[in-house]
Amino acid sequence: MNSVFDQALWAVGRGSGVVAIVLLTLSVLLGIGGRSGRAVFGMPRFAVTLVHRNVSLFSLLFVVVHVVSLFLDPFAQLRLVDFFIPFLGAFKPFWLGLGTIAFDLLVVVTITALLRNRIGPRMFKAVHWLVYAMWPVSVLHAIGNGTNGREPWFLVLAVFCVMAVGGAIAWRLHEDFVEYRNVRRQETR
Amino acid sequence: MTERKVTMHIDWTRCDGRGLCVELLPELLTRDDWGYPVGRGGSEIAIPQNLEYAAQDAAALCPTQALRLHK
Ligand code: HEM
């Protein structure tokens with residue numbers, strides 16, 4: 001039993017989880033920004049789409065590091081089944097189960113997004129909207145399951161993320177969200 | 001050498017005027033007052049050889065898959 005190695009696994013497991021939350025938050029912001037059809041964050045529209053894709057793929061990469069390192073970690077007591085089927089965990093099964101759900105949704109969303117031009121925009125969009133469930137579930141998992149989940153620094157980070165995504169969703173629901181919405185509406189009146 | 005002519009077709013039933021194609025093909029497309037792309041040749045736009053890659057990007061990145069390339 002190599003305790004330094006175990007410590008390292010545990011640190012990597014938690015650290016990659018925190019990074020994943022931040023990247024998932026950025027991914028949602030970029031996704032909504034792209035959907036607005038506007039050149040947001042100082043980038044042209046096509047770049048917003050590409051950065052959204054790349055940030056999303058990086059968030060999946062960090063989530064994979066997160067689950068694999070905790071799988072190898074003896075304290076977390078993860079089993080392979082916990083990657084795919086929620087609420088069977090040996091330790092905090094409810095909060096772990098939320099992580100499992102978020103992971104499954106992330107995998108499905110990523111696969112369908114990469115195949116978007118083959119499966120068509122309707123199917124892509126129907127699946128992609130699962131991100132609005134996946135993101136809050138992943139944040140709840142982090143707060144509930146994490147060793148640091150209820151420490152002030154993490155809660156401050158979580159509040160920032162929730163405010164950012166909440167604000168973006170409020171903008172998404174606003175009637176002038178889409179560029180040219182104004183002129184297009186006037187014309188059909 | 002045989003000359004291949006690539007054309008790009010805009011499917012107006014799908015186009016939502018998001019503007020990505022206009023950014024990627026500024027030499028060929030502009031936006032009308034409602035944000036939709038306009039090019040010479042209407043919905044069948046001839047693509048010069050030097051812009052083929054840009055046209056492929058535009059077709060691949062179109063959020064509504066409204067662009068199709070024909071050779
Ligand atoms: C971490 C995973 C992901 C999250 C959280 C996420 C989030 C989002 C959100 C919130 C939207 C706006 C949806 C709407 O309200 O209509 C969106 C749109 C979009 N996402 Fe993602 N996304 C993820 C992964 C991906 C990946 C991997 C790709 C590409 C391979 C992708 C491509 C797109 C595209 C093309 C749109 C724009 C659809 C449109 O403009 O109509 N997403 N995403």
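Student: In this predicted model, which residues is A:Leu30 in contact with, leaving aside its neighbours within four places in sequence?

Tutor: The model is predicted, not determined by experiment. A:Leu30 has its place in helix α1 of chain A. Once neighbours within four places in sequence are set aside, the contacts of A:Leu30 are A:Phe41, A:Met43, A:Val48, A:Val51, A:His52 and A:Val55.

Student: Does A:Leu30 count as buried or exposed?

Tutor: A residue is called buried when its relative accessible area is under 20%. The relative accessibility of A:Leu30 is 8%, so this residue counts as buried.

Student: Where is A:Phe41, one of those contacts, found, and is A:Phe41 buried or exposed?

Tutor: A:Phe41 belongs to the loop between α1 and α2 of chain A. Its phi is near 55°, a positive value in a residue other than glycine. An exposed residue has over 50% relative accessible area. Because the figure for A:Phe41 is 52%, this residue of the loop is exposed.

Student: Which residue in the loop between α2 and α3 of chain A has a positive phi of about 55° although it is not a glycine?

Tutor: The loop in question lies between α2 and α3 (81–84) of chain A. The residue counts as partly exposed, at 43% relative accessibility. With a positive phi of about 55°, although not a glycine, it is A:Gln77.

Student: Which residues are the protein donors of the iron atom of the ligand?

Tutor: The two protein donors lie 2.0 Å from the iron atom, and each offers its NE2 atom. One is in helix α2 and the other in helix α6 (residues 121–128) of chain A, 76 residues apart, a pair that links distant parts of the chain. Both are buried, with a relative accessible area of 18% for the one in α2 and 17% for the one in α6. They are A:His52 and A:His128.

Student: What is the geometry of the site of the iron atom?

Tutor: Ideal angles for six octahedral donors are 90 or 180 degrees. At this site the angles among the six donor atoms run from 86 to 180°, and the geometry is octahedral.

Student: Which residues have the most contacts inside the largest nonpolar core?

Tutor: Nonpolar side chains tend to be buried together in soluble globular proteins. The largest nonpolar core here has 33 residues, and the elements giving two or more residues to this core are α1 (3–35), α2 (45–72), α4 (93–114), α7 (131–145) and α8 (152–173) of chain A. A second, separate core has 22 residues, including B:Ile10 and B:Leu24. In the largest core, the residues with the most contacts are A:Leu106, A:Met134 and A:Trp135.

Student: At what angle do α4(A) and α7(A) pack?

Tutor: Among the residues that meet are A:Leu105 and A:Leu106 in α4(A), and A:Met134 and A:Val137 in α7(A). The crossing of α4(A) past α7(A) is left-handed. The axes lie 8 Å apart, and the packing angle is about 145°.

Student: How many helices and strands are there in chain A?

Tutor: Chain A has 189 residues, of which 40% are buried. Its C-alpha atoms fill a box of roughly 70 × 40 × 25 Å along the principal axes. From the N terminus on, its elements run α-α-α-α-α-α-α-α-α. The count is therefore, with helices and strands taken as runs numbered from the N terminus, nine helices and zero strands.

Terms used: Residues are numbered from 1 along each chain as its sequence is written. Chains are lettered from A and ligands numbered from 1 in the order in which they are written. This is a predicted model: local features need pLDDT of at least 70, side-chain atom pairs count only at pLDDT 80 or more; totals for chains, interfaces and linings use all residues. Side-chain values use heavy atoms; hydrogens and water are left out. A nonpolar core is a set of buried Ala, Val, Leu, Ile, Met, Phe, Trp, Tyr and Cys residues joined through side-chain atoms within 4.5 Å. Buried means under 20% relative accessible area, exposed over 50%, partly exposed in between (1.4 Å probe, protein chains only). Helices (H or I, at least four residues) and strands (E, at least two) are DSSP runs, numbered from the N terminus. Donors are N, O and S atoms within 2.8 Å of the metal (3.2 Å for Na, K and Ca); water is not among the atoms, so sites may look incomplete. Four donors count as tetrahedral if all angles lie between 85 and 135 degrees; four count as square planar and six as octahedral if opposite donors are over 155 degrees apart and all others between 65 and 115; anything else is irregular. Axes are lines fitted to C-alpha atoms, for helices over the stretch in contact, and angles run from 0 to 180 degrees between N-to-C directions. A crossing is left-handed if the near helix is turned anticlockwise from the far one by less than a right angle, and right-handed if clockwise. Contact means heavy atoms within 4.5 Å.
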